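The following report describes a single protein chain, taking local backbone geometry, helix and sheet packing, nonpolar cores and salt bridges in turn.

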Amino acid sequence: MKHLLTALLAFSLAACAATQPRVNQAPDLRVVTLNIYHDKAEWPKRLPLIVEQLRALDADMIALQEVLQTAELPNQAQTLGDALGYSVQFVSNDPEGQPHRYGNALLTRLPVLEQDWTALEPRDDSRSMGHARLHFDGRPLDVYFTHLHHTPEGVALRRRQLEDARAFIQRQGDAAPSIVLGDFNAPVSAPELSVLDGYIDTYGALHPGADAEGVTTLNPHFFPDYRRRIDHVFARSGRFEIREARIVLDTPGADGTWPSDHFGTFVVLRPTTR
């Protein structure tokens, strides 16, 4: 009987210890990137689907591409941010105060320490990169969001844009952990993405055979003959543990409406340095 009580006590203590968080364990960072397809494909019907599926992901930050505002259409990122309870950073090459503006956005529920952005060369392609320095787990976190040139033959353009983006990133310094995310309009194997050396493709790290198996972030409903994974979350090498990565916003509504012509990419990261 004495041995049984001792064993039960040891088991109970072990179970209690297993449920206690590790000392100094960093919290998880939940990240989404999504191209929202501006106002095409019946935006009023797509909007509630996007809100519902984003809310279920409970992300700390959401990067959006193809964000539009016009005299008749309120800024789409602000509409989504208001619905989800996030702050909104919208960046555009179009002048502030102009009714029609098109660009990228970052939605976040984390405290924002700094915000910046830059237009990417060549300027006539109207591409940009936004930057937010956020407060996460008691320290800064740098987030860079972008949308690169879209044509398959535009390799040189995307490389030039990434070189410009990399120079912008380097000007911010590398003391803080950083991620780069958005619609790159190229798979991770594309030669131009080598400019992001030192950053890891988070989805590919957990699913190394995904691209060979035809995993796509281009919605086959809109791109039936063109399957590619071009929406990425890159994390600075050595600064994060990649805990989860999956394709999201890939479910239509009951009436067959899709959230967007792209699927989203969702990753869960944990900083590895304190």
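## Backbone around helix α2

In this predicted model, aspartate 58, placed just after α2, adopts a positive phi of about 55 degrees. The helix that precedes this residue, α2, covers residues 43-57 and holds 15 residues, and its span of 21 Å from the first C-alpha to the last is close to the 21 Å expected at 1.5 Å a residue.

Alanine 41, which belongs to the loop between β1 and α2, also has a positive phi, near 55 degrees, although alanine 41 is not a glycine. With a relative accessibility of 35%, alanine 41 is classed as partly exposed.

## The buried face of α2

Which residues of α2 are buried? They are Trp43, Arg46, Leu49, Ile50, Val51, Gln53, Leu54 and Leu57, and the elements that cover them include the strands β1 (29-35), β2 (61-69), β11 (240-248) and β12 (264-271), together with helix α3 (76-84).

## The six-stranded sheet and helix α4

An open sheet is built from 6 strands in the order β5-β6-β7-β8-β10-β9, with mixed pairing. Its edges are formed by β5 and β9, each of which pairs on one side only, and neighbouring strands are turned against each other by 20 degrees on average when direction is ignored. Helix α4 packs on this sheet, where it touches β5, β6, β7, β8, β9 and β10, and the direction of α4 makes about 150 degrees with that of β5.

Within the sheet, β6 and β7 run antiparallel and are joined by 8 bridges. Phenylalanine 136 has arginine 139, in β7, as its bridge partner.

## The loop between β5 and β6

Two backbone features fall in the loop between β5 and β6, at proline 122 and at serine 126. The peptide bond that joins glutamate 121 to proline 122 is cis, with omega at about -5 degrees. Serine 126, although not a glycine, has a positive phi of about 55 degrees.

## Nonpolar cores

The largest nonpolar core contains 27 residues, and Leu29, Val31, Met61, Val143, Ile179, Leu181 and Leu269 are those with the most contacts inside it. The elements that contribute two or more residues to this core are β1, β2, β6, β7 (139-147), β8, β10 (231-236), β11 and β12, and β11 gives the most, with 4 residues.

What does leucine 269 touch, once its neighbours within four places in sequence are left aside? Its contacts are Pro27, Asp28, Leu29, Ile179, Thr202, Ala235, Phe240, Glu241 and Ile242. There is also a second, separate core of 25 residues, which includes Leu54, Val67, Leu80 and Tyr86; Leu54 is one of the buried residues of α2.

## Salt bridges

How many salt bridges does a search of the whole structure find? The search finds 16. In one of them, arginine 133 and glutamate 114 meet through their side chains at 3.7 Å, N to O. Because arginine 133 lies in strand β6 (residues 127-136) and glutamate 114 in strand β5 (residues 112-120), this pair ties together parts that are 19 residues apart in sequence. Arginine 133 counts as buried at 17% relative accessibility, whereas glutamate 114 is partly exposed, with a relative accessible area of 40%.

Arginine 158 forms a salt bridge with glutamate 192, and the closest N and O atoms are 2.8 Å apart. This pair links distant parts of the chain, 34 residues apart, with arginine 158 in helix α4 (residues 155-172) and glutamate 192 in the loop between β8 (178-183) and β9 (199-201). Both partners are buried: the relative accessible area of arginine 158 is 3%, and glutamate 192 has a relative accessibility of 2%. A further salt bridge brings together the side chains of arginine 166 and aspartate 197 at 3.2 Å, N to O. Since arginine 166 lies in helix α4 and aspartate 197 in the loop between β8 and β9, the pair ties together parts that are 31 residues apart in sequence; arginine 166, at 12% relative accessibility, counts as buried. Elsewhere, Asp28, Glu241, Arg243 and Arg270 are joined into one network by salt bridges that share partners, and two members of that network, Asp28 and Glu241, are among the residues in contact with leucine 269.

Notes. Residues numbered from 1 in each chain as written. Predicted model: local features only at pLDDT ≥ 70, side-chain atom pairs only at ≥ 80, totals over all residues. Heavy atoms only, no water. Expected span 1.5 Å × (residues − 1). Buried < 20%, exposed > 50% of the residue type's maximum accessible area, 1.4 Å probe, protein only. Contact = heavy atoms within 4.5 Å. Salt bridge = Lys/Arg side-chain N within 4 Å of Asp/Glu carboxyl O. Core = buried A, V, L, I, M, F, W, Y, C linked by side-chain atoms within 4.5 Å. Pairing = 2+ DSSP bridges. Axes fitted to C-alpha atoms, helices over the stretch in contact; angles between N-to-C directions.
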